[in-house]
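Visitor: Could you take me through one part of this model in detail, the helix packing? I would like to know how far to trust the coordinates before we look at the contacts.

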Amino acid sequence: MPGELVAEITRMIEEPGLAATYRKGPDCALWQLIESAKLGDAAAFEEIMVRYQRRVVNTAWRMLGNREDARDAAQDVFLRVFKYLKSYRASEDFDGWLYRIIVNVCRDIARKRPPAALASYETERESGDLDVIGDRGDIEESAIQSEQRNMIVEALASLSTKEREALVLRDLEGLSTEEVARLLGSSQTTVRSQISSARKKIKIFRDRLMKQRRG
């Protein structure tokens, strides 16, 4: 069941998150950019933003549920990266360091907005905000993808903030339980419990939706 659910969720949101590069090991070009940016090189910092902007927005979208909040989060994330970059140590994994900033920014935004602020997929599709996520040119295929993404947005919205964070990082971003626990400042046992609860809720949501459609 968990593996099937993970695969299903992953198919629903195709855009890669930070985990696409999380385990590639040292990137000399990136380290050089970071060191230059720490010394005040604006062009180097801009290049870091170019490298990560789309993936930061997408990770934030998974956390927050709508594109507008995700874009606001991305701006705040890079402001904090700029502010705290000098405190970043070369011995740290940069992507892990960046994940922690994303999580903290998303938590701040989630606390400030109304409980019902999660946007529907249709609303964002009409505005064109989700076009960057995937458009294969095939009308029927696009309709199927739209329906699937709408379902996962609604399913993720049914989770608590902590469940959503754990599930997004573990199942959608592909991090290990240990990495998720470290990023969230929690224990592995707690993370496993949150992921288990989140998966059950999503399965219940999916089963209820399928039952309604059959009816």
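Guide: Happy to, and confidence is a good place to begin. This is a predicted model, and the chain averages a pLDDT of 76, with 68% of the residues scoring at least 70. Over residues 20-26 the pLDDT is below 50, and this stretch has 14 contacts beyond near neighbours in sequence. Residues 116-144 also stay under 50, and here the model has 47 contacts beyond four places in sequence. Where pLDDT is low, the predicted coordinates should not be read in detail, so please keep that in mind for both stretches.

Now to the packing itself. Two packed helices are described by the angle between their axes and the distance between the axes. Let us take helix H4, residues 42-64, as the centre of our tour. Helix H3, residues 28-38, packs against H4 at an angle of about 135°, with the axes 8 Å apart. An angle over 115 but not over 145 degrees counts as oblique, and H3 and H4 are therefore oblique to each other. Their crossing is left-handed. On the H3 side, the contact is made by Ala 29, Leu 30, Leu 33, Ile 34, Ser 36 and Ala 37, while H4 brings Ala 44, Phe 45, Glu 47, Ile 48, Arg 51 and Tyr 52. By class, these residues of the H3 and H4 contact divide into nine nonpolar, one polar and two charged.

H4 also packs with helix H5, residues 67-84, at an angle of about 135° and with an axis separation of 8 Å. That makes H4 oblique to H5. The crossing of H4 and H5 is right-handed. From H4 come Phe 45, Met 49, Tyr 52, Gln 53, Val 56, Val 57, Asn 58, Ala 60, Trp 61 and Leu 64, and they meet Arg 67, Asp 69, Ala 70, Arg 71, Ala 73, Ala 74, Val 77, Phe 78, Val 81 and Phe 82 of H5. Sorted by class, the contact of H4 with H5 has 15 nonpolar, two polar and three charged residues. Phe 45 and Tyr 52 of H4 appear in the contact with H3 and also in the one with H5.

H4 has a link to a remote part of the sequence as well. A search of the whole structure finds 10 salt bridges, and one of them joins the side chains of Glu 173 and Arg 62, at 2.5 Å from N to O. Glu 173 lies in the loop between helix H9 (161-172) and helix H10 (177-184) and Arg 62 lies in H4, so the pair ties together parts that are 111 residues apart in sequence.

The two helices flanking that loop pack with each other too: H9 and H10 meet at an angle of about 140°, with their axes 9 Å apart. H9 and H10 are therefore oblique to each other, and their crossing is right-handed. Glu 165, Ala 166, Leu 169 and Arg 170 of H9 touch Thr 177, Val 180 and Leu 184 of H10. The residues of this contact comprise four nonpolar, one polar and two charged.

Definitions and conventions
Residues are numbered from 1 along each chain as its sequence is written. This is a predicted model: local features need pLDDT of at least 70, side-chain atom pairs count only at pLDDT 80 or more; totals for chains, interfaces and linings use all residues. Side-chain values use heavy atoms; hydrogens and water are left out. Axes are lines fitted to C-alpha atoms, for helices over the stretch in contact, and angles run from 0 to 180 degrees between N-to-C directions. Helices (H or I, at least four residues) and strands (E, at least two) are DSSP runs, numbered from the N terminus. Angles under 35 degrees count as roughly parallel, over 145 as roughly antiparallel, 65 to 115 as roughly perpendicular and the rest as oblique. A crossing is left-handed if the near helix is turned anticlockwise from the far one by less than a right angle, and right-handed if clockwise. Contact means heavy atoms within 4.5 Å. Ala, Val, Leu, Ile, Met, Phe, Trp, Tyr, Cys and Pro count as nonpolar, Asp, Glu, Lys and Arg as charged, and the others, Gly among them, as polar. pLDDT is the predictor's confidence in each residue, from 0 to 100. A salt bridge is a side-chain nitrogen of Lys or Arg within 4 Å of a carboxyl oxygen of Asp or Glu.
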